[in-house]
Amino acid sequence: MRRPGVWVGVALLTLVTAGCSSNMSGGGSAAKDAAAPPQAAQQKAPQQENNAAQAVQPVQQQERQLVRTATVDLRSDDVLKAIGQIKDRATAVGGFAGQENSTSRSGSVTVRVPSSELDRVVRDLGSVGEVTRSEVRSEDVTDQLVDVEARIATQKASVERLRVLFERAGTTAEIAQIESELTKRQAELESQQRRSESLKGKVAMATLTVQVATVPIAPPEPEKAGFLSALAGGWSALLAVLNGILIAAGALLPFVVALGVPAAVVIYVLRRRRRVTRMNEAA
C-alpha cells in the first residue's frame, strides 16, 4: 500500500514541478517581452537623435570671399628688365599686366593675378631683385556678395511680376505706368548685377603693385609735430582761406557789375526827381 502512495506522491510532485516551470518560463518570456520595448527604445533613441542632429545641422559655411592686394618694393640694377620679368611671371600664372610707368632709374607696374597664386608670385619676386618691402592685404567681402545676390534675386522676382502685369495691362495709361516702373527696376537689377560681377572679379584676381628702383626705396617718414610745423600748417590754412575768398569774389564780380550799375543809375534818377519835386513844392 505504501508503494502506490509513493508513486502517486511522485506523480503529483512532477505535475506541480512542471506547472511551476511552465509558469516560470511563461513569466520569464513575458518579462523579456515587457523589457524588450524599453531596450529597443533605448537603441532607437540615439538613432533618432543622430537623425535629428543631421536634420538640424546647418549647411556648410560658405567659403569666405576675400579681395587680396599686395604692394612690393624691389631694388634692381636694371629696372626695365625687372618690370618685364614681373609681367612675364604674372602672365605665366594666368594673370595680366595693367598700368605701367617706368624709366631707367625707377618705375612701377600693376599686375592682376589669380588670388590663389598671389603668395607664390610675391615669393618669386625675390629672384627678380632685392625685396625691400612686402605687404599683403585682404578684405572680406562675403557679406557684400551675399547682400548683392539677395538683392538680385528679389529684383528679378519683382521684374518678372511687372512683366506679367505688363502683359495683362489693358489701357494705355496702365501700359505706360507699368513700363516706366519696369524700366526703373530693370536698371536697378542691371546695376546690382554689375556690382556682383565687379566684386567677384576682384575676388578672383588679386592686384599686385611693384615699385622698382636702382636704389632702395625709403619708406615715407612720419611728420613730426612741433611749433614750426604747426605754424606752417596754420599759414597754409590762412592762404587757402584767402584764396577761397578771392575766388568767391571773382565769381561774384560779374554779377555785381551787371546788376549793381543799373541799380545805382535807377537810385540816382529817383533821388534827383525827389529833389526836384521838393524844390518845386517849396517854390
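How are helix 4 and helix 5 oriented relative to each other, roughly parallel or roughly antiparallel? The two turn out to be roughly antiparallel, a label used for angles over 145 degrees, with under 35 degrees counting as roughly parallel, 65 to 115 as roughly perpendicular and the rest as oblique. This is a predicted model, so local features need pLDDT of at least 70 and side-chain atom pairs count only at pLDDT 80 or more, while totals for chains, interfaces and linings use all residues. Residues are numbered from 1 along each chain as its sequence is written, and side-chain values use heavy atoms, leaving out hydrogens and water.

First, the overall layout. The protein chain has six helices and five strands, taken as DSSP runs numbered from the N terminus (helices: H or I, at least four residues; strands: E, at least two). Read from the N terminus, the order is α-β-α-β-β-α-β-α-α-β-α. Of the 283 residues in the protein chain, 18% are buried; buried means under 20% relative accessible area, exposed over 50%, and partly exposed in between (1.4 Å probe, protein chains only). Contacts, meaning heavy atoms within 4.5 Å, often span long stretches of sequence: among those between residues at least 6 apart, 79% join residues at least 24 apart.

Back to the helix pair. Helix 4 covers residues 142-168 and helix 5 covers residues 172-204; they pack at an angle of about 155 degrees, with axes 9 Å apart. The axes are lines fitted to C-alpha atoms, for helices over the stretch in contact, and angles run from 0 to 180 degrees between N-to-C directions. Helix 4 passes helix 5 in a left-handed crossing, meaning that the near helix is turned anticlockwise from the far one by less than a right angle (clockwise would be right-handed). The residues of this contact divide into 13 nonpolar, seven polar and ten charged. Here Ala, Val, Leu, Ile, Met, Phe, Trp, Tyr, Cys and Pro count as nonpolar, Asp, Glu, Lys and Arg as charged, and the others, Gly among them, as polar.

Gln 155 sits in helix 4 and is buried, at 15% relative accessible area. Setting aside residues up to four places away in sequence, Gln 155 touches Arg 185, Glu 188 and Leu 189. A polar atom of the Gln 155 side chain lies 3.3 Å from the backbone oxygen of Arg 185.

Now the strands. Val 109, in strand 3 (residues 106-114), is buried, with just 1% relative accessibility. Beyond four places in sequence, the residues touching Val 109 include Ile 83, Ile 86, Leu 208 and Val 210. Val 210 is 101 residues away from Val 109 in sequence, yet their C-alpha atoms are 5.5 Å apart. Thr 71, in strand 1 (residues 66-75), is buried too, at 14%. Its side chain makes a polar contact with that of Arg 137 at 3.5 Å; such a contact is a pair of N or O atoms within 3.5 Å, where, within protein, one must be able to donate a hydrogen and the other to accept it, and residues adjacent in sequence count only if both atoms are side-chain atoms. Outside four places in sequence, Thr 71 also contacts Arg 133, Ser 134, Glu 135 and Thr 209.

Ser 127 belongs to the loop between helix 3 (118-124) and strand 4 (130-140), and counts as exposed at 54% relative accessibility. Its side chain reaches the backbone oxygen of Asp 124 at 2.6 Å. Ser 127 and Gln 85 are 42 residues apart in sequence, with 9.7 Å between their C-alpha atoms.
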